[in-house]
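Visitor: Could you take me through one part of this structure in close detail? I would enjoy a careful look at how a single helix sits among its neighbours.

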Amino acid sequence: MNRTEFIKSMKSAPAKQWDIIITGGGATGLGIAIDAASRGYKTLLLEQADFAKGTSSRSTKLVHGGVRYLAQGDIALVREALYERGLLLNNAPHLAHNQQFIIPHYNWWQGPFYTIGLKIYDLLSGRLSLGSSSHISKKEVLSRLPNIQPKGLKGGIVYHDGQFDDARLAINMAQTAAENGAVLLNYFKVNGLLKQADGRVSGVTATDLETGESFQLAARTVINATGVFVDEILQLDNPGARPMVRPSQGVHLVLDASFLQGSSAIMIPKTSDGRVLFAVPWHNKVLLGTTDTPLDEHRMEPVALEKEINFILQTAAQYLAKPPARKDVLSVFAGLRPLAAPQKDTGSTKEISRSHKIIVAPSGLITITGGKWTTYRRMAEDTVEEAIRQGKLSPAACKTKGMHLHGYQKQPMAKAPLDVYGSDATLLQSIVSLQPALGERLHPRLPYIKAQVIWAVKHEMARTVEDTLARRLRALFLDAQAAIDMAPQVAALMAAELGRDEHWQEQQVRSFTDIAQQYLLAD
C-alpha cells in the first residue's frame with residue numbers, strides 16, 4: 001500500500017492494457033478489486049477521493065441480514081445477507097464480531113410477534129448462525145440495559161447480528177487487493193471514457209489530483225462502482241442517460257458510553273416514521289441512528305439536516321431513561337445510500353430494494369449499484385463474472401469465500417486502540433518500542449497514539465489529515481472536537497513522513513477543521 005510505488009508500476013508500462021479498471025474505492029469497488037486480482041486478472045482501481053470517503057465509512061457499523069427486510073418479505077435478500085455476514089465474520093474477525101441486540105417491547109403482543117420473526121431470522125442464517133434469539137423478562141432487560149426506559153416495559157427479545165468498523169475494513173480490503181497484485185490509487189479521478197470505433201469502452205482517462213498529471217489507461221473492461229456517483233460515470237458514457245440511483249441520507253449521532261451502560265445494543269423495530277432505530281456500542285461510545293431521507297442531489301461531504309437530528313434525539317428519549325440532548329452529541333455524521341432508483345417516485349426510500357443490480361451498457365460499461373456493506377463480497381463476485389463475459393477474459397473461479405482479509409487474527413492480541421489492526425498490531429508495537437515517544441496519546445479523551453499516524457502514512461496510503469483522523473483513526477466520528485484539537489499534531493507527524501512543509505500543515509489543519517465543524521452540533 002504505497003501510492004508512489006503504485007504510480008511507478010502504472011507508468012512503467014504505459015501501453016499496458018488492464019483486464020479490469022474499477023472506478024470507485026468504496027466497499028463495492030474494493031471488493032471487486034480483491035475478487036478480480038485474486039483470480040489473476042490485471043486490476044487497477046481508481047478513487048477520486050480517499051478509500052471509503054463516502055458511504056462506506058458512514059454506515060451504522062452493522063454486518064446484518066436486515067430484520068426489516070424480513071418484515072417486508074424479502075426472504076432471498078435476508079438469506080443472502082446472513083450467509084455473507086457469516087463469511088465476513090470468519091474472514092475478518094479482528095474487525096467484525098458478534099453483537100447481541102435487544103428489542104425492548106412495551107406491548108404484550110410484541111413479544112411473541114418479534115420472537116417468531118427472529119426465529120425465522122435464525123433459521124435463515126443456517127450453520128453460520130451467531131446465536132439463537134430468545135425472549136427475556138423485564139428484569140433481565142434492565143440487567144443488560146441499565147439505561148432502558150423501565151416505565152411500561154414488558155420484556156425483550158434477544159438476537160444476534162454482526163458489528164464492524166467500516167472504514168478500517170475498507171483499508172484492510174485495499175491491502176488484501178494489493179497483496180493479490182491489484183494497483184489501487186486514491187485521489188485519482190476518472191474524467192472520461194476511451195472508446196473504440198464501434199463505440200465499445202476500451203479504457204478511461206484519469207487525472208492524478210495531487211500532481212495534475214493526466215493518463216489514458218486501456219482496459220478490456222471498465223466497471224463503474226462509484227456508489228451514489230454512478231450516474232456521473234454513466235453520463236460520461238451516454239450523456240442524458242436515465243438516473244440509476246436515488247440517494248437516501250442516513251444520519252447518526254455519537255454519544256458517551258454512559259447513555260447505554262451495557263454491552264448489548266438496542267434495536268427499535270418501528271419508529272414514528274416506520275423506520276428502525278439502533279443504539280449500538282462502538283469504540284467505547286454509543287452510535288444512534290439511522291434516518292432515511294430521500295435526496296434529489298448529493299455531494300461528497302453530506303450534512304445532517306436539523307429534522308434528522310431532532311428525530312433521533314426525540315426517538316431515543318422515548319426509550320432511554322437518560323435522554324440525550326444536543327449538548328451530549330460528540331459527533332454527528334451523514335452518509336448516503338446508493339439505492340437503485342424506483343420506477344415510480346413515491347417520495348419514500350423505505351421500500352426501495354437493497355438488492356444489488358448490475359447493468360451493462362451497449363458500450364460494454366459495467367455498472368454495479370444498490371446493495372449494502374454486508375453483501376459486498378457477493379456483489380463483487382457477480383460483477384467480476386459479468387466482466388469475464390464482457391471482456392472475454394479467460395475464466396477463473398472466485399476465491400473469496402474463505403479468503404482471510406489483511407490483518408486476520410482470530411482473537412485480537414492487542415488492546416485498544418491497536419486491536420483493530422489484528423496481526424499488524426505487533427508491528428505497531430515494535431515501532432513504539434523503538435521510539436517510545438510515538439506511544440504518546442494524541443488526545444486525553446481518545447486512545448489513539450502517534451505511532452498510528454506514522455503507520456497510516458507508511459502502510460495505509462493516508463494522504464491528508466482528514467484521511468487519518470476520519471478513516472485510519474476514527475476520531476472524527478467519535479469526538480469531533482477532540483479530532484479538531486488533534487489536527488495540528490497529526491499534520492506535523494504526516495508532514496515529516498510525506499516531506500511536506502509548514503504551509504501544507506497549515507492548509508491541512510484549516511481544511512480539516514472546516515470539515516470537522518459540520519460534525520459538531522451547535523447548542
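Guide: Happily; what follows is a close look at helix α13 and one residue in it, Thr468. This is a predicted model, where local features need pLDDT of at least 70, side-chain atom pairs count only at pLDDT 80 or more, and totals for chains, interfaces and linings use all residues. Residues are numbered from 1 along each chain as its sequence is written, and side-chain values use heavy atoms, with hydrogens and water left out.

Helix α13 covers residues 465–472; helices here are DSSP runs of H or I with at least four residues, numbered from the N terminus. Eight of the eight residues of α13 are buried, so the helix is largely enclosed by the rest of the structure. Buried means under 20% relative accessible area, with a 1.4 Å probe and protein chains only. The buried set consists of Val465, Glu466, Asp467, Thr468, Leu469, Ala470, Arg471 and Arg472.

What lies over them? The cover of these buried residues includes α7, α12 (450–459), α14 (475–478), α15 (480–498) and α16 (502–516).

Now to Thr468 itself. Thr468 counts as buried because its relative accessibility is 0%. Leaving aside residues up to four places away in sequence, Thr468 touches Val453, Ala456, Ala462, Leu473, Val490 and Met494, where contact means heavy atoms within 4.5 Å.

One of the covering helices, α7, also has a partner in α2: α2 (residues 27–38) and α7 (residues 166–179) pack at about 25°, with axes 8 Å apart. Those axes are lines fitted to C-alpha atoms over the stretch in contact, and angles run from 0 to 180 degrees between N-to-C directions.

Definitions and conventions
Helix = DSSP H or I, 4+ residues; strand = E, 2+ residues; numbered from the N terminus. Buried < 20%, exposed > 50% of the residue type's maximum accessible area, 1.4 Å probe, protein only.
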